[in-house]
Amino acid sequence: MTLPLPSKRLTAIPGDEGDGWGVYYRALELQAAGERVTPLTIGEHDIRTDPVILDAMDRAAREGATGYVVMTGLPELRRAVAERCEARTGVKTTAENVLIVPGGQAGLFATHMGACQPGDRAAYIDPYYTTYPGTIRSAGAVPVPVITRAENGFLPEAQAVDAAAEGAASLLINTPNNPTGAVYGTGLLREIGAVVRDRGLWLISDEVYDSQVWEGAHVSPRAIPGLEEQVLVVGSMSKSHAMTGSRLGWIIGPVEMIRALGDLSTVTTYGVPGYIQKAGVYGLGLGPAFEGKIAAPFRRRRDLAQARLGQRRGLRLLPANAAMYVMADIRATGLSGEEFAWRLLEDHRVAVMPGESFGQAAAGHIRIALTVEDAALEPALALIGDLADRLADAARMPA
Ligand code: PMP
């Protein structure tokens, strides 16, 4: 008798992109052994969920919101999400257009399940948030990267988008972007919209960083005229309200698709805890000023990073227009992003993500998460800049 094995559907999820999480795990190991490491790896706020939201959560739980809830989400939360979307896009959006899901990641999975038949091609932009190719595979589709160039600010070019979209069922974009901080303008979104319309595919728009834009403004493709029937917006309160652990997100799209995605919720998550959703309603009720307060430290630290790393011989900082990270091109050091990140951790106890973890377009880069208090960030930035300068100088020396 042979023992049953995990299905190929599961074993295929990790893929062969190379995950680049070695540095992150090593940093955790060092910390567990009592060493001081400055963790600039993952997108987690150093300032946790605000006590006023926690109070709302506690109140809701004590008032009885601890039982099963309606699968599609509490009507008042669906309404609040719809209102936020309508206020930002100007496009009529009702509760019927919104499905509440346990976090943006669950939304990414569900939208690909909803958009793709098994074996369909599903395009996404490279550099990308680490889970994208695995999420696409888990939905039975085939990931097709659209490679962007650092020289073009990591913005996708219409021709490359069109080539990838040919025969694809979906295109996944992420603006404001993790890891690059790129923000797509209306012109680019119109170009992408034209491709999506001509080729008849779904546009899945990951907008979890929509409250963290420092230059320009966030534009959702849902706001592009004539596109709303083909756009599925994925949003979340993880970043905007520092609620990463509460797992509260949403999908916004055409009513028929939202209903069908509700059937998927019934057989997977069975909804999101009521007390979390009620805390979400409270949090959204605090309005844009509160979201601005949560975003403010990242803007301040982005400025700090530009001041400390803007004029270095060994690295070139990319214009970080949004989100909680900055990307640095460290190719002048002669090292790969992975080699640089290991060196930085082993020699200086600063942990950053190698660009290679986000796809081939980000090779030779590192991503620095601005997720520690300013007093800890400053010396870490100095160590990064000094290491890059030293390596670049050595690389230039004649052998
Ligand atoms: N999309 C992007 C681009 C992200 O960076 C993240 C989290 N780091 C997510 C989606 C998922 O976020 P969550 O599931 O916490 O909403």
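Colleague: How much space lies in the largest cavity?
Modeller: Keep in mind that this is a predicted model. Searching the whole structure turns up one cavity of 30 Å³ or more. The space in the largest cavity comes to about 30 Å³.

Colleague: And which strand gives the largest share of the lining of that cavity?
Modeller: The lining includes Ile125, Tyr128, Tyr184 and Leu172, Ile173 and Asn174. By class there are eight nonpolar, three polar and no charged residues in it. The largest share, three residues, comes from strand E5 (residues 168-174).

Colleague: Ile173 sounds worth a second look. How many residues are in the largest nonpolar core, where Ile173 is among those that touch the most other members?
Modeller: Besides lining the largest cavity, Ile173 is in contact with Ile125, Tyr184, Leu189, Ile192 and Leu203, among others, once neighbours within four places in sequence are left aside. Ile192 and Leu203 are also named with Ile173, Val81, Ile100 and Leu171 as the core members that touch the most others. The number of residues in this core is 46.

Colleague: How many residues does the other core have, the one with Leu40 and Ile368?
Modeller: That core lies apart from the largest nonpolar core, which has Val81 and Ile100 among its members. Ala295 and Ala320 belong to the other core too, along with Leu40 and Ile368. Its size is 41 residues.

Colleague: Let's turn to the pockets. Which helix gives the most to the lining of the largest pocket?
Modeller: The largest pocket holds about 490 Å³ of space, and 28 residues line it, with Gly43, Tyr129, Tyr209, Lys239 and Thr244 lying nearest its centre. At least two lining residues come from each of helix H2 (22-32), helix H5 (104-115) and strand E7 (231-236). The top contributor, with three residues, is H5.

Colleague: How many charged residues are in that pocket's lining?
Modeller: One residue near the centre to start from is Lys239, listed with those that lie nearest it. Across the lining, 13 residues are nonpolar and 10 are polar. The charged ones number five.

Colleague: Is Gly249 buried or exposed?
Modeller: Gly249 sits in strand E8 (residues 249-252). Beyond its neighbours within four places in sequence, Gly249 is in contact with Leu99, Ile100, Val101, Pro102, Gly103, Gly104, Gly235 and Ser236. Anything under 20% relative accessible area passes the cut-off, and because Gly249 has 0% relative accessibility, it counts as buried.

Colleague: How far apart in space are Gly249 and Val208?
Modeller: In sequence, 41 residues separate Gly249 and Val208. Going from C-alpha to C-alpha, the distance in space is 8.7 Å.

Colleague: What about Asp389, buried or exposed?
Modeller: Asp389 belongs to helix H13 (residues 374-396). Leaving aside neighbours within four places in sequence, its contacts are Arg312, Arg313 and Gly314. Its relative accessible area is 7%, so Asp389 is buried.

Colleague: One last topic, the sheet. Which residue stands opposite Arg316?
Modeller: Five strands make an open sheet with mixed pairing, in the order E1-E11-E12-E10-E9. Its edge strands, each pairing on one side only, are E1 (38-40) and E9 (316-317). E9 pairs with strand E10 (residues 325-329) in the antiparallel sense, over two bridges. Opposite Arg316, in E10, stands Asp329.

Conventions:
Residues are numbered from 1 along each chain as its sequence is written. This is a predicted model: local features need pLDDT of at least 70, side-chain atom pairs count only at pLDDT 80 or more; totals for chains, interfaces and linings use all residues. Side-chain values use heavy atoms; hydrogens and water are left out. Two strands pair if DSSP finds at least two bridges between them. Helices (H or I, at least four residues) and strands (E, at least two) are DSSP runs, numbered from the N terminus. Buried means under 20% relative accessible area, exposed over 50%, partly exposed in between (1.4 Å probe, protein chains only). Contact means heavy atoms within 4.5 Å. On a 1 Å grid over the protein atoms alone, a cavity is a set of points where a 1.4 Å probe fits but cannot get out, and a pocket is an open set with protein on both sides within 12 Å along at least five of seven lines; lining residues have an atom within 4 Å of a point. Grid points are joined across faces, edges and corners, and a volume is the space filled by probe spheres set on the points. Ala, Val, Leu, Ile, Met, Phe, Trp, Tyr, Cys and Pro count as nonpolar, Asp, Glu, Lys and Arg as charged, and the others, Gly among them, as polar. A nonpolar core is a set of buried Ala, Val, Leu, Ile, Met, Phe, Trp, Tyr and Cys residues joined through side-chain atoms within 4.5 Å.
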